[in-house]
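Let's take a look at an annotated pair of residues and at how the two chains relate. Here's the model to follow along with.

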Protein chains: 4
Amino acid sequence: MTQLNGGVVPPVCTPLTPERELDVASLERLAAYLIEAGMHGLFVTGSTGEVAYLPDDMRRQALEVVVGVAAGQVPVLAGVIDTTTPRVIEHARAAKAAGADALVATAPFYIPTHPSEFPGHFRDIRAAVDLPLVAYDIPVSVGHKLPADVVAELAADKTLAGLKDSSGDLDGLRAVLENTPSDFQCFSGSETNADLGLFIGAHGLVPGIGNVDPHGYVRLYDAALRQDWDAARVEQARLRRLFQLIYVGDGRIGRYSSAIGAFKEGLVLRGVIANATTSKPMIPLDDAERAAVRQHLDEAGLL
Amino acid sequence: MTQLNGGVVPPVCTPLTPERELDVASLERLAAYLIEAGMHGLFVTGSTGEVAYLPDDMRRQALEVVVGVAAGQVPVLAGVIDTTTPRVIEHARAAKAAGADALVATAPFYIPTHPSEFPGHFRDIRAAVDLPLVAYDIPVSVGHKLPADVVAELAADKTLAGLKDSSGDLDGLRAVLENTPSDFQCFSGSETNADLGLFIGAHGLVPGIGNVDPHGYVRLYDAALRQDWDAARVEQARLRRLFQLIYVGDGRIGRYSSAIGAFKEGLVLRGVIANATTSKPMIPLDDAERAAVRQHLDEAGLL
Amino acid sequence: MTQLNGGVVPPVCTPLTPERELDVASLERLAAYLIEAGMHGLFVTGSTGEVAYLPDDMRRQALEVVVGVAAGQVPVLAGVIDTTTPRVIEHARAAKAAGADALVATAPFYIPTHPSEFPGHFRDIRAAVDLPLVAYDIPVSVGHKLPADVVAELAADKTLAGLKDSSGDLDGLRAVLENTPSDFQCFSGSETNADLGLFIGAHGLVPGIGNVDPHGYVRLYDAALRQDWDAARVEQARLRRLFQLIYVGDGRIGRYSSAIGAFKEGLVLRGVIANATTSKPMIPLDDAERAAVRQHLDEAGLL
Amino acid sequence: MTQLNGGVVPPVCTPLTPERELDVASLERLAAYLIEAGMHGLFVTGSTGEVAYLPDDMRRQALEVVVGVAAGQVPVLAGVIDTTTPRVIEHARAAKAAGADALVATAPFYIPTHPSEFPGHFRDIRAAVDLPLVAYDIPVSVGHKLPADVVAELAADKTLAGLKDSSGDLDGLRAVLENTPSDFQCFSGSETNADLGLFIGAHGLVPGIGNVDPHGYVRLYDAALRQDWDAARVEQARLRRLFQLIYVGDGRIGRYSSAIGAFKEGLVLRGVIANATTSKPMIPLDDAERAAVRQHLDEAGLL
């Protein structure tokens, strides 16, 4: 099993055929492209990977394809995203069977859950499936923030191997970093404050737009590693401009539809995947929005 | 197929064995008890039925058990609760195969979704599975309210057959009632303002605590049918006091754990189900909390 | 001093000259119009009265004008709206000096306040100024709901004489009514569920659109008094349609600007006040929006 | 008039006598202490200065005292905090009369306000009182975030001279910095991510706990100025530990009461002010909580 050790670990997009089946060939190309670009791991079936839209079979299939391409070169993390413990455990078993190197699970959602119920949730998942477990803190999706002291408690007893922080709360991430062992793997999910995450000591990055510009995040990460903060900021500034492409559909369609549509359109334009189809009920980008994506890539020097 | 026609349609609890398997015998007794008490339908795998905690197999099994007991006497509605369209459709197909008379689906959740994406969601579900479709408006779980004009649009084109309103927003429910055909089935999910729902014209009720005191809700519903509002209010006042039992665990454990634990404890005390086990990661009631449930039932004359 | 005793107590609009000074003549006409229409009290410097926009001098002046017109025929309630206790007490003293019969105060706002600090807030106001004190529950403005048990505690010790509930939470209002003496004055702030408020036992109504159609709310209130719920619902249905006028500017301008602009435009159209100017930074209705207000009034038979 | 030019500009606490009058001598000592410690400006009647609790006379008096002590050595900023434009303008006039060098105003609050109404609000304030105007972005108090494009628009037309960002949203602060002239003064209101604010280009800091440990923030600021990020982080880590003192009363009393109580207790312990009285309805720290404050100061080497 390949071990998680910080670095850039993008949440891999899930290419679909026009009929909304998994586009296996495109996913293989994408995984290979990301590994060749120097990614330190691949996160499959995350939010950017449309996990909330994929039936179980497609989740499994997508994971198997990426595990096959990775072939042990880099660790493959699997998002096991579902409402509560028993349902998450089913995904966790399937992910282990498909060859995942680690699991990424959120706090319970749909049902309002009390912080006193978070530890049991993660401990039961960890007990049921023997793979490193990363907590996924994503309040915008699950409706509550994982408290830093809960994360610290679950790091101390080895329930958790790491944290993917998509809360945007750098204060909270600092609190986790201050209260966990130095090998507890903390990843920032921010595309636009990735330099700040690394500045405060995070071990790695999980940038959605890393699908489109993996090399940019490698440059940013390497600059941070050598403490060259000027270079890191310059790269971050460039990536911040590029990231504006997620807003191309804003107002007309949902922000998530806009962002995922833009990432996939970008991958089509860069010749990595075959088409930009997104899952239902997302609304596709229209022609003007697709042209805007092209312009963003052009300005970022990616065409 | 048995048709939905208003009335009291409780969200059936899902009894579990101490090992957290489905307790089939208890579920059979519960379904029979509710039908005998005069329920006009049964809503299986709803939020009160711990749907968010049940793996797919248990959802299917619970539905089959209730369909078997109902045997066409009353319609059986199946909650097909999942994050987005493709996943909901899988549940919808399974529910139809298991014999459901109607489907109940929420708006997408986990992923922030735009109101422009709601119509496509429900239309795709309706197109995929030929069963009456009821929209489930539950902002506390999915993070957004179903706008009344979206519901009206989907009622007008026959996508939706009804609405289960668990938003607590009586203003919005009135707007739906004012803008849909008179046979569009509107259900209030409120235990404590059920009389108000009926007063403004709702067709039925989906009270969680109807598991424990179905006769009370029948009395309330019948009083409303004959426009005897004094009687309806008196019954509602009694049921409001009884409903306080959901707070027995408040503060120590989550409100949902407290409520579901109390409903199940109540069903044990009334001799309907065998034990009060709830799904993980819910925390069980402690002895003092269980005693408080008993006292609530005692005061309500249910022991 | 004139005593508060339920009924319809509209939050009186504050007419302004085009230069945004108080339009005294218009306010005198409005107050006289409302009293003649049968209002049971007048609530000055409430949210609908643009209290948050009026400098202290204008608040005092508006109150004095209405007190003068009321001349003891009906009680005049004064909103004493400010961030915290010491500032509210200054307004309370000024309101008493200006002749108010009762005070209406919210929970603290701007600064996040803990429920444990609510009782002291209201007790200090009550102790500082000897006038009946009504708590104003308006979460949309102050960011938290007044818990029913806090209201009950402050009713029991005579700190509070009543509650104006603009939370829209009929469940909570029922809890207050169940746990306070029968003479504790509860007012619903809802224009669109006013019948429901009275159905559950509220003593009165504080409808913003009562400025424009006071007679409608008197009819609704009288029907409820004689338990003629069919008549109450019919009147409520008419008022619900009329109330749609608050949305004329939606999208282009803020909802509050739209609502206050529409109320004032309605009063101009009905010949009560001289012009529809609103405070800064509200954006005025445009011609199309003003025409829409006229159409709403026309359809409601108010022109 | 003394010009604002970045640096550490603490929101000055407002010392009170036990009778809750302004403690002039303590405020004079505090202002002198902060200037001597190297503060680059003083922000009077901010949120930390209990502005929301101070009647108008006390606001004016506090401002006059600090202006007198500053005597042109450093600029004095005055918070002009009230619900809407007309009321803010009254405070602005009073602040100019009292000698303020700049004004700090939030977006409107209490009344839900639409972003389209923000520009008019700030433009009217600026037009009414000729002093540099700083926008105060504090969503936790006013209920909405100032959009970066609104700030940029108001910077471009010289309505605003700067921004105090207490939103905690470093992404948004970056967007402002990227889209405003380099002399547009941006201040971070964060005590715990102050280094990150400076790292991304903010001109200064407004740390509440800078009352208690001004020297620490000067060290942090100076380190950032010379791009010595290791030193900045080390100082920040120390200040993060110290900042934990704001939680001493958590749970028992409100967080704001706890924080302001702790700041004032710290100033008493350091011999700067005479006593730790806070405004009503805040609940004072108890003995155990005061002892905890002492321990925090002790551990930070401040006693």
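What follows is a short walk around the annotated site, then the pairing of the chains.

This is a predicted model, where local features need pLDDT of at least 70, side-chain atom pairs count only at pLDDT 80 or more, and totals for chains, interfaces and linings use all residues. Residues are numbered from 1 along each chain as written, chains are lettered from A, and side-chain values use heavy atoms, leaving out hydrogens and water.

UniProt, in an unreviewed entry, puts "active site" at A:Tyr136 and A:Lys164; such annotations may be inferred rather than shown by experiment. They're spread over 29 residues of sequence, yet they cluster in space, with a largest C-alpha distance of 4.8 Å.

| Residue | Strand (DSSP run of E, at least two residues) | Relative accessible area (buried: under 20%, 1.4 Å probe, protein chains only) |
|---|---|---|
| A:Tyr136 | β5, residues 133-137 | 3%, buried |
| A:Lys164 | β6, residues 162-165 | 6%, buried |

What does A:Tyr136 touch? Counting contacts as heavy atoms within 4.5 Å, and skipping residues up to four places away in sequence, its neighbours include A:Phe43, A:Ser47, A:Lys164 and B:Tyr110. The A:Tyr136 side chain also makes a polar contact with the side chain of A:Ser47 at 2.8 Å (N or O atoms within 3.5 Å, one able to donate a hydrogen and the other to accept it). As for A:Lys164, its contacts include A:Phe43, A:Tyr136 and A:Asp137.

Now the chains: a turn of 180° and a shift of 0.0 Å along the axis lay chain B on chain A with an RMSD of 0.0 Å (least squares on C-alpha atoms with pLDDT of at least 70 in both). That's the relation of a two-fold axis. The same surface serves both copies, as 100% of chain B's contact residues recur in chain A.

Note on methods: Helices (H or I, at least four residues) and strands (E, at least two) are DSSP runs, numbered from the N terminus. Buried means under 20% relative accessible area, exposed over 50%, partly exposed in between (1.4 Å probe, protein chains only).
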